[in-house]
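Please walk me through this structure stop by stop. I have it open in a viewer and want to know what to select next and what is there.

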Amino acid sequence: MKSKLIIAIAAMGIAVLFSSCAKVPQTEIDAATAAIQEVKDAGADLYVPEAYQALVDSMKSANEKVEVAKAKWFPNYTKAKEQLAVVSQMAVDTKAKSEARKVELKAETEAMIVEVKALVEENKALIAKAPRGKEGKEALEAIKSDVAVAETTVTEVEALLANGDLIGSNDKIKAAKEKATAIKAELEEAIAKKGKK
Amino acid sequence: MGLGKKRIKWLIIVLLSIVFIAITVCVIIVSQRVLPTDDLRLAREAVSEAKDAEANVYATKIYNESVQMYDSAMVNWSKENSRFIVFRDYSRVISFAKRSKKKAEEAEEESIKQSDSLSKNVEAAFVSLAKKIDLYNKLFKNLPLPKSVFDAHNKSRMFLSESKIAHEKGKLKEAEILFKKADIYINHANSAAGKMLRDYFNDFAKWKNLANDAISASRDGNKVILVDKVAHILYVYQSGKAIRSFDAEFGPNWMAHKERNGDRATPEGTYHVASEKTHGRTIYHKALLLDYPNAEDRRMFALKKKNGSLSRSAGIGNLIEIHGNGGKGFDWTIGCIGLQDRDIDDLCRLVGPGTRVTIVGSIEPLSVITNGVDF
């Protein structure tokens, strides 16, 4: 009886020795991975690239910690779990930052669209006042074409914005604003020149 | 039975000893094994630094290789970890991690090199494009160009602005794409405008003769008016020398010889002041009416009508004047020569009816006009 007990204890000891003490935190890994994918889908890699990169690096580091734990006789995933919790929180923060940046970019682009539209209208009004003679209409065609390019760009920007291309639309509207402002200066100079005569 | 118990006891002792020895051996083996932790960390950091240096954009192939190797290292590490602890072998993991780090470093270096080179190229391209735009502004801006040409020029400027914004943001590839678009448009505009200018200068030899004749005619002390359409200058010559010059404006279609009524072109050839219109007799402050059309104009007009290049209903036009109300900064007349009011006042004091007026496209050859710039 005594010997059977000893055998049982030894067998249990061996079983315990060769079996893992803790399980891989798969739920936490899956949750963090899904959170990162969600952040990417929200465009964080475009709108807040540094924060997104930090998040990805942090996830990689967490994966490494999981493997470090798995490599041990008695795996302990506490550090990996802590890191995964940090990753999940970072994902939430990064998504929020991305959303905020998108709102900011959209508002900036929309404000610039209004500005450029106003500048285009001002320019059209200035063209009407610009020095013209018998054939002034034809002579101002070049400036009109310039204004038309700015106007077309605004339409393109609106389409880009509607398609969710916030960065492309922002860059394009900045160029259009620059153009419309330059045309306005050119027209004002011509009108001022005319006024001096 | 007693022997059996003893045997079992010994058997257990032997078994436990074997297990103990096995465990000891395993512990020794495992403790001696180098884990790939540091190599993976270094590889990850190197990949991250390469990404910071935008190696994914400028050294894509090498960067992707480094990422793949890091991923392979992780996959292999996980695979090894799923094996029994004693039989795990991390050498492949370490090898992948080390190669990943090396590739990432190469990618970073290549990316810095490529982006520096691209940045320089884009900056050089901006300079080149600015020169082309400048060339357009200097040579072609005031030419009566078709709408498609100045549209192309304007689009080019817009793409250049977008390209500069992308460049400022460090998006060099995007800047390069936008710059190339700008370059295509400006090349189209400059090439079309350049062809127009070259074609116009086909008559240069004729203009040169006309101008030389006019200057010669002034050598006996007579005042002669010589108008250079490209330069937009009206000269008054006396004794072979330009004694005055005035800025002049023409019709929007000035880069052509007047052929018919309403073509808004300024005629080219030799004319004379037919009469002077003083203030009150013209809506353009003061005017010198020219004797357009001259005999040559009439001959050419009749010929063109005959060969069908002018419609049968076309009129030759008249009332070409040198008049005031100018100084508008663009070509606005219906074919006349517009001067500022104070300039027409001065001109009327210098010349009068009978004064010879020679109008030419240019008194300088195209190479001088373009200052040797190839276009």
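**Stop 1: a residue in chain A**

Select Ala180(A), which is found in helix H8 (residues 166-196) of chain A. The model is a predicted one. Is Ala180(A) buried or exposed? Ala180(A) counts as buried because it has 26 C-beta neighbours inside 10 Å, the cut-off for burial being 20 or more. Now add its contacts: leaving aside neighbours within four places in sequence, Ala180(A) touches Val116(A), Leu119(A), Val120(A), Asn123(A) and Ala150(A). Glu121(A) is worth adding as well: 59 residues separate it from Ala180(A) along the chain, and the two C-alpha atoms are 9.9 Å apart.

**Stop 2: where the chains meet**

Show both chains and select the contact between them, which takes 39 residues from chain A and 41 residues from chain B. On the side of chain A that touches chain B, the elements giving two or more residues are helix H1 (2-18), H4, helix H6 (136-139), helix H7 (141-162) and H8 of chain A. Which element gives the most to that side? H4(A) does, with 9 residues. By class, the side of chain A that touches chain B has 13 nonpolar, 8 polar and 18 charged residues.

Next, select helix H4 (residues 49-70) of chain A together with helix H2 (residues 37-52) of chain B: their axes come within 11 Å and cross at roughly 170 degrees. That angle makes H4(A) roughly antiparallel to H2(B), since angles over 145 degrees count as such. To see the contact, display Gln53(A), Asp57(A), Lys60(A), Ser61(A), Glu64(A) and Val68(A) from H4(A), with Thr37(B), Leu40(B), Arg41(B), Arg44(B), Ser48(B) and Lys51(B) from H2(B). Sorted by class, the residues of this contact are 2 nonpolar, 4 polar and 6 charged.

**Stop 3: H2(B) and its partner within chain B**

Keep H2(B) and add helix H4 (residues 60-81) of chain B; here the axes come within 10 Å and cross at roughly 155 degrees. H2(B) and H4(B) are therefore roughly antiparallel to each other, and their crossing is left-handed. From H2(B), pick Leu40(B), Ala43(B), Arg44(B), Val47(B) and Ala50(B), which meet Tyr63(B), Ser66(B), Val67(B), Tyr70(B) and Ala73(B) in H4(B). This contact of H2(B) with H4(B) has 8 nonpolar, 1 polar and 1 charged residues.

Move on to Glu54(B), in the loop between H2 and helix H3 (55-58) of chain B. Its phi is near 60 degrees, a positive value in a residue other than glycine. Glu54(B) is buried, because 22 other C-beta atoms lie within 10 Å.

**Stop 4: the sheet of chain B**

Zoom out to chain B as a whole, which has 11 helices and 8 strands. Of its 375 residues, 41% count as buried. Among contacts in chain B with a separation of 6 or more, 68% come from residues 24 or more positions apart.

Color the strands of chain B: they form an open sheet of 8 strands in the order E3-E2-E1-E8-E4-E5-E6-E7, with mixed pairing. Which strands lie at the edges? Strand E3 (241-247) and strand E7 (337-338) of chain B do, each pairing on one side only.

Three strand pairs can be picked out in turn:

- Strand E2 (residues 233-238) of chain B and E3(B) run antiparallel and are joined by 6 bridges; Leu234(B) has Phe246(B) as its bridge partner in E3(B).
- Strand E4 (residues 269-277) and strand E8 (residues 356-360) of chain B are antiparallel over 4 bridges; Thr270(B) is bridged to Thr358(B) in E8(B).
- E4(B) is also antiparallel to strand E5 (residues 287-290) of chain B, over 4 bridges; Glu276(B) is bridged to Leu288(B) in E5(B).

Then add helix H8 (residues 204-217) of chain B, which lies across strand E1 (223-228), E2, E4 and E8 of chain B and runs at about 155 degrees to E8(B). Helix H10 (residues 341-350) of chain B packs on the sheet too, touching E1, E2, E3, E4, E5 and strand E6 (321-323) of chain B. The direction of H10(B) makes about 150 degrees with that of E3(B).

**Stop 5: two loops of chain B**

Select Arg264(B), in the loop between E3 and E4 of chain B. Phi of Arg264(B) is near 55 degrees, again positive in a residue other than glycine. Arg264(B) counts as buried because it has 21 C-beta neighbours inside 10 Å.

Finish at Pro293(B), in the loop between E5 and helix H9 (295-306) of chain B. Tyr292(B) and Pro293(B) are joined by a cis peptide bond, with omega about 0 degrees.

Methods:
Residues are numbered from 1 along each chain as its sequence is written. Chains are lettered from A and ligands numbered from 1 in the order in which they are written. This is a predicted model: local features need pLDDT of at least 70, side-chain atom pairs count only at pLDDT 80 or more; totals for chains, interfaces and linings use all residues. Two strands pair if DSSP finds at least two bridges between them. Axes are lines fitted to C-alpha atoms, for helices over the stretch in contact, and angles run from 0 to 180 degrees between N-to-C directions. Angles under 35 degrees count as roughly parallel, over 145 as roughly antiparallel, 65 to 115 as roughly perpendicular and the rest as oblique. Two residues are in contact if their C-beta atoms, placed from the backbone, lie within 7 Å. Ala, Val, Leu, Ile, Met, Phe, Trp, Tyr, Cys and Pro count as nonpolar, Asp, Glu, Lys and Arg as charged, and the others, Gly among them, as polar. A residue is buried if 20 or more other C-beta atoms lie within 10 Å of its own, exposed if 12 or fewer, and partly exposed in between; C-beta atoms are placed from the backbone. A crossing is left-handed if the near helix is turned anticlockwise from the far one by less than a right angle, and right-handed if clockwise.
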